[in-house]
Amino acid sequence: MERSQVIIPEADLAQQREFEAKIKEMFTAREAHPVACVDTFGCQQNVADGQKLMGMLEECGFTFTEDWKEADLVILNTCAVREHAEQRVFGNLGILTHTKKENPEQVICLCGCMAQEERVSNRVKESYRHVDLVFGPHALWKFPELLWRVYDKRKRVFAVDDEHGSIAEGIPVVREKGVKAWVSIMYGCNNFCSYCIVPYVRGRERSRDPQCVLEEVRGLVEAGYKDITLLGQNVNSYGKDLGIDYDFADLLAEIDQIEGEYVIRFMSSHPKDATKKLFDTMAASKHVARQLHLPFQSGNNRVLHEMNRRYTREQYLELINYAKEKMPGLVITSDVIIGFPGETEAEAMDTVSLVEEVGFDALFTFIYSPRPGTKAAEMPDPATREEKQKWFDKLLEVQNGMSAKLHAAYIGKTVRVLVDGESDDAEFPLAARTNGNRLVRMKGDKSLIGQFIDVTITGSNTWALYGEV
Ligand code: SAM
Ligand code: SF4
Ligand code: F3S
């Protein structure tokens with residue numbers, strides 16, 4: 001794609017700010033104080049998009065609530081990655097018919113990855129007539145204009161055209177309170193893993209200008225954010241579309257030069273594009289966390305080929321071993337799918353054996369979910385749900401044992417953590433994160449929130465560490 005066609009011109013963004021002003025004026029004239037509820041599902045990219053929606057809404061004069069009944073505007077910012085996520089959204093849309101009956105002025109909006117699927121937007125058009133506005137990730141930047149059309153014409157608006165995608169800089173953001181911030185460094189995905197819907201709903205890979213990313217991170221550090229995560233579906237292909245000789249490792253090295261007390265994380269990495277240069281850069285850095293999320297999906301080469309992942313088990317292990325060697329104590333996590341169409345028990349057990357071999361600190365595990373429109377959804381899938389569940393349970397048993405063992409090894413050690421909030425455990429009321437992003441529940445005073453401190457680990461289980469200042 002031509003870069004000039006990817007970047008949204010400043011004039012178009014200025015026009016959106018005019019729509020924000022119009023909406024604000026409309027509410028001021030009515031002496032109304034509009035309240036919005038933004039519910040986000042799915043991955044951190046979607047969370048980051050949700051924060052932009054809130055940023056634009058704030059400019060329109062909205063404040064926020066978590067209660068649909070109180071809201072003048074309800075936004076479901078959806079995920080399409082698995083069937084279960086989609087079913088939940090349709091369930092929620094059903095419930096919203098009641099809130100709208102009680103408050104007929106309520107505006108209901110469906111956006112995010114599900115909204116970009118034609119199958120979904122058609123279903124909403126026909127069967128969920130109380131939904132006023134539907135738009136996909138491509139139209140996010142023109143949300144003020146779409147919302148104005150809903151208020152002005154009182155007609156349903158659908159903005160779901162299939163596009164390659166764009167980059168809009170300077171959209172305001174409402175971040176969570178605290179020390180954590182998300183920064184999208186690129187959008188879209190070119191990989192078309194055969195099971196995955198993301199490339200169909202998020203368009204082609206496009207990288208933000210390095211200067212824009214650096215400026216945003218610098219601003220966040222100055223504003224006191226201390227745990228910053230760079231986001232992309234495959235951050236390792238950052239820069240390939242910039243037309244200059246600049247890659248993700250170069251970006252990380254430049255960010256690392258920013259002065260301050262903070263940690264940089266990133267996700268996700270695709271093993272086919274992970275380079276030794278990246279691990280060398282991480283190892284030499286001051287701020288990049290010793291943490292690597294490197295999804296492998298399957299430990300069997302036939303399944304990896306059918307998934308269109310374009311690496312082998314052996315290549316994956318070589319990368320992991322190199323990273324471990326360069327960064328002793330590196331915390332490694334991954335994503336895994338069990339029950340890909342045609343997978344046999346022996347092949348699923350290859351995944352379990354890879355998990356044993358690597359020794360992941362934690363795993364995000366999924367049972368395969370067919371996504372209409374993807375290649376894998378057309379493949380024969382003879383294994384039963386019960387068989388897949390059995391393989392999945394075996395995987396969990398092995399991983400839980402591994403996590404518990406790795407966590408137990410922390411006991412007696414003193415580790416530096418960032419206290420990032422309160423925990424739900426009365427005895428250990430604070431929540432903190434190690435450099436490798438392991439959760440530490442700890443004793444201590446709330447005044448420690450937002451600080452880096454040294455904690456002695458006194459206990460552990462599969463999911464967390466326990467400690468004292
Ligand atoms: N881009 C990232 C990558 O490639 O690692 C992750 C993207 S996806 C949003 C997050 C995870 O969901 C994937 O790594 C995969 O394990 C899982 N996933 C994607 N499609 C799936 C499907 N159809 N069924 C089950 N799990 C799926
Ligand atoms: Fe989906 Fe693969 Fe792209 Fe990740 S790399 S978003 S799994 S297609
Ligand atoms: Fe993320 Fe779900 Fe979309 S995982 S990219 S919100 S399909």
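Me: How do you know that tyrosine 195 makes a polar contact with ligand 1?

Reply: In this predicted model, a backbone N or O atom of tyrosine 195 sits 3.0 Å from a nitrogen atom of ligand 1. A polar contact is a pair of N or O atoms within 3.5 Å (inside protein, one must also be able to donate a hydrogen and the other to accept it, and sequence neighbours count only if both atoms are side-chain atoms), so this pair qualifies.

Me: Which side chains do something similar with an oxygen atom of ligand 1?

Reply: Aspartate 335 has a side-chain N or O atom 2.6 Å from an oxygen atom of ligand 1. Arginine 309 has a polar side-chain atom 3.5 Å from an oxygen atom of the ligand. The protein also covers 91% of the 560 Å² of accessible area that ligand 1 has on its own (Shrake-Rupley, 1.4 Å probe; for residues, only the protein chains shown count as cover). The elements giving two or more residues to the shell are β13 (331–338) and β14 (362–367); helices are DSSP runs of H or I with at least four residues and strands are runs of E with at least two, numbered from the N terminus.

Me: What do you need to know about numbering and cut-offs in this model?

Reply: Residues count from 1 along each chain as its sequence is written, with chains lettered from A and ligands numbered from 1 in the order written. It's a predicted model, so to speak of local features you need pLDDT of at least 70, and side-chain atom pairs count only at pLDDT 80 or more, while totals for chains, interfaces and linings use all residues, and side-chain values use heavy atoms, leaving out hydrogens and water.

Me: Which residues are around ligand 2?

Reply: Among them are Cys189, Phe192, Cys193, Tyr195, Cys196 and His270. A residue gets in if one of its heavy atoms lies within 4 Å. The shell has seven nonpolar, three polar and one charged residues.

Me: Why is phenylalanine 192 called partly exposed?

Reply: Its relative accessible area is 29%. Buried means under 20%, exposed over 50%, and partly exposed in between (1.4 Å probe, protein chains only), so phenylalanine 192 lands in the middle class. This residue, in the loop between β8 (186–187) and α7 (198–202), has phi near 45°, a positive value in a residue other than glycine.

Me: And arginine 310, which class does it fall in?

Reply: Arginine 310 comes out at 49%, so it is partly exposed too. Its phi is also positive, about 65°, though it's not a glycine. You'll find it in the loop between α11 (301–306) and α12 (313–326).

Me: What makes the bond from methionine 267 to serine 268 stand out?

Reply: The bond is cis, with omega near -10°. Most peptide bonds are trans. Serine 268 is in the loop between β11 (263–267) and α10 (276–284).

Me: Is leucine 430 buried or exposed?

Reply: Buried: its relative accessible area is 1%. Leucine 430 is in strand β16 (residues 430–434), and its contacts (heavy atoms within 4.5 Å) include Val419, Val440, Met442 and Leu448.

Me: How do you know how compact the protein chain is?

Reply: The chain has 14 helices and 19 strands. Its radius of gyration, taken over C-alpha atoms, is 23 Å, close to the 23 Å from the globule rule (2.2 Å times the number of residues to the power 0.38) for 469 residues, so it's as compact as a globular protein of that length. Of those residues, 56% count as buried.

Terms used: Ala, Val, Leu, Ile, Met, Phe, Trp, Tyr, Cys and Pro count as nonpolar, Asp, Glu, Lys and Arg as charged, and the others, Gly among them, as polar. Lists of a residue's contacts leave out its neighbours within four places in sequence.
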